[in-house]
Amino acid sequence: MYFRLAADAVLLFHLVFILFAILGGAFAARWHWAPVLHLPAGAWAVFVEVTGRICPLTYLEDSLRLRAGQSGYTGDFVQHYLIGFIYPSGLTRRIQFMLAAAVAVINVAIYVWAVLRWRKRATDA
């Protein structure tokens, strides 16, 4: 039971990490220290997608599920949990490059917005 709960916690953390990697730049508009956490997370997400690697969190969750007596899975988090919903035909290298580009473009746009907001605050003050 504890291994299953731990696997579920890793799954939840993994999902939050992915969302943070994609949209975490928005925190930079509010907190100037946020890029210190977000930029490495975003870079890791892009690296994993571009290189086709499997995130270590996937291995950890799979290992915990096996220890809990559940079946593990092959592939990565995105393939197992999201691809069937988002891309029913399966994950290809082209899609991985598109996902990496989307993470990069979304974050560049968010940081441009954040910098403009910082400058506006500085001129208003």
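How many helices and strands are there in the protein chain? The chain has five helices and zero strands. The model shown in these views is predicted.

**Figure 1. Overview of the protein chain, an α-α-α-α-α pattern along the sequence.**
The protein chain has 125 residues, and 32% of them count as buried. About 8000 Å² is exposed. Carbon and sulfur atoms supply 72% of that area. Take the contacts between residues at least 6 apart in sequence: 64% of these join residues at least 24 apart.

**Figure 2. Close-up of the packing of helix H2 against helix H5.**
H2 covers residues 34-51, and H5 covers residues 93-124. Their axes lie 7 Å apart, at an angle of about 160°. Angles over 145 degrees count as roughly antiparallel, so H2 and H5 are roughly antiparallel to each other. Their crossing is left-handed. H2 contributes Pro-35, His-38, Leu-39, Gly-42, Val-46, Glu-49, Val-50 and Thr-51 to the contact. From H5 come Arg-93, Gln-96, Phe-97, Leu-99, Ala-100, Val-103, Ala-104, Asn-107 and Tyr-111. By class, the residues of this contact are ten nonpolar, five polar and two charged.

**Figure 3. Close-up of Leu-39 in helix H2.**
Leu-39 is partly exposed, with a relative accessible area of 46%. This residue belongs to the H2 side of the contact with H5, where Asn-107 is among the H5 residues. Leu-39 and Asn-107 are 68 residues apart in sequence. Their C-alpha atoms are 9.0 Å apart in space.

**Figure 4. Close-up of the packing of helix H1 against H5.**
H1 runs over residues 2-23. The H1 and H5 axes are 7 Å apart and make an angle of about 55°. That angle makes H1 oblique to H5. On the H1 side, the contact is made by Ala-21, Ile-22 and Leu-23. On the H5 side, it is made by Val-103, Ile-106, Asn-107 and Ile-110. Six of the contact residues are nonpolar, one is polar and none is charged. Val-103 and Asn-107 of H5 also take part in the contact with H2.

**Figure 5. Close-up of the crossing of H1 and H2.**
The two axes come within 8 Å and cross at roughly 105°. Angles of 65 to 115 degrees count as roughly perpendicular, so H1 and H2 are roughly perpendicular to each other. Phe-17, Phe-20 and Ala-21 represent H1 here. They meet Leu-37, His-38, Ala-41, Gly-42, Trp-44 and Ala-45 in H2. The contact has seven nonpolar, two polar and no charged residues. Ala-21 of H1 also takes part in the contact with H5. His-38 and Gly-42 of H2 are likewise among the residues that contact H5.

**Figure 6. Close-up of Pro-56 in helix H3.**
H3 spans residues 56-67. Pro-56 counts as partly exposed, at 47% relative accessibility. His-14 is 42 residues away along the chain. The C-alpha atoms of Pro-56 and His-14 are separated by 9.9 Å.

**Figure 7. Close-up of Leu-116 in helix H5.**
Is Leu-116 buried or exposed? Leu-116 counts as exposed, because its relative accessibility is 52% and the cut-off for exposed is over 50%. Ala-29 is shown with this residue. Leu-116 and Ala-29 are 87 residues apart in sequence. In space, the pair is 8.9 Å apart, C-alpha to C-alpha.

Notes. Residues are numbered from 1 along each chain as its sequence is written. This is a predicted model: local features need pLDDT of at least 70, side-chain atom pairs count only at pLDDT 80 or more; totals for chains, interfaces and linings use all residues. Side-chain values use heavy atoms; hydrogens and water are left out. Helices (H or I, at least four residues) and strands (E, at least two) are DSSP runs, numbered from the N terminus. Buried means under 20% relative accessible area, exposed over 50%, partly exposed in between (1.4 Å probe, protein chains only). Contact means heavy atoms within 4.5 Å. Accessible areas come from the Shrake-Rupley method with a 1.4 Å probe; for residues, only the protein chains shown count as cover. Axes are lines fitted to C-alpha atoms, for helices over the stretch in contact, and angles run from 0 to 180 degrees between N-to-C directions. Angles under 35 degrees count as roughly parallel, over 145 as roughly antiparallel, 65 to 115 as roughly perpendicular and the rest as oblique. A crossing is left-handed if the near helix is turned anticlockwise from the far one by less than a right angle, and right-handed if clockwise. Ala, Val, Leu, Ile, Met, Phe, Trp, Tyr, Cys and Pro count as nonpolar, Asp, Glu, Lys and Arg as charged, and the others, Gly among them, as polar.
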